[in-house]
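Student: Could you take me through one part of this model closely, namely the place where two of its helices pack against each other?

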Amino acid sequence: MTNEMRNAPAEMTPQQFRDAGHRLVDQIAEFLSTIGDRPVAPAGTPREMRARIGGDAGLPIDGADPATIVRDAAELLFDNSTFNGHPR
């Protein structure tokens, strides 16, 4: 591993930030409207979760689209939460 700085910072225009935020609010609203249909706890093992988030690969060297990161992180959290607020 080197100590080089990344060459792809997460730069967003104000409009890109708004768009990503609005999509996240929509994802949260959809999640809340379906929480009762979801399992109370995820079925996956810790090993499966590590694999899903990249395991021991470390942080990527190159950047990624910030809106995609927000979307994917929300999906990961919603699909693997223990749902403390679950109606069951």
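Tutor: **The contact of α1 with α3**

From the N terminus on, the elements of the protein run α-α-α, which amounts to three helices and zero strands, where helices (H or I, at least four residues) and strands (E, at least two) are DSSP runs numbered from the N terminus. This is a predicted model, in which local features need pLDDT of at least 70 and side-chain atom pairs count only at pLDDT 80 or more, while totals for chains, interfaces and linings use all residues. Residues are numbered from 1 along each chain as its sequence is written, and side-chain values use heavy atoms, with hydrogens and water left out.

The axes of helix α1 (residues 14-34) and helix α3 (residues 66-80) come within 10 Å and cross at roughly 15°; such axes are lines fitted to C-alpha atoms, for helices over the stretch in contact, with angles running from 0 to 180 degrees between N-to-C directions. The two helices are therefore roughly parallel to each other, a term for angles under 35 degrees. Their crossing is right-handed, meaning that the near helix is turned clockwise from the far one by less than a right angle.

On the α1 side, Ala20, Arg23, Leu24, Gln27, Ile28 and Phe31 meet Ala67, Val70, Arg71, Ala74, Glu75 and Phe78 of α3, contact being heavy atoms within 4.5 Å. By class, this contact has eight nonpolar, one polar and three charged residues, where Ala, Val, Leu, Ile, Met, Phe, Trp, Tyr, Cys and Pro count as nonpolar, Asp, Glu, Lys and Arg as charged, and the others, Gly among them, as polar.

Conventions: Angles under 35 degrees count as roughly parallel, over 145 as roughly antiparallel, 65 to 115 as roughly perpendicular and the rest as oblique.
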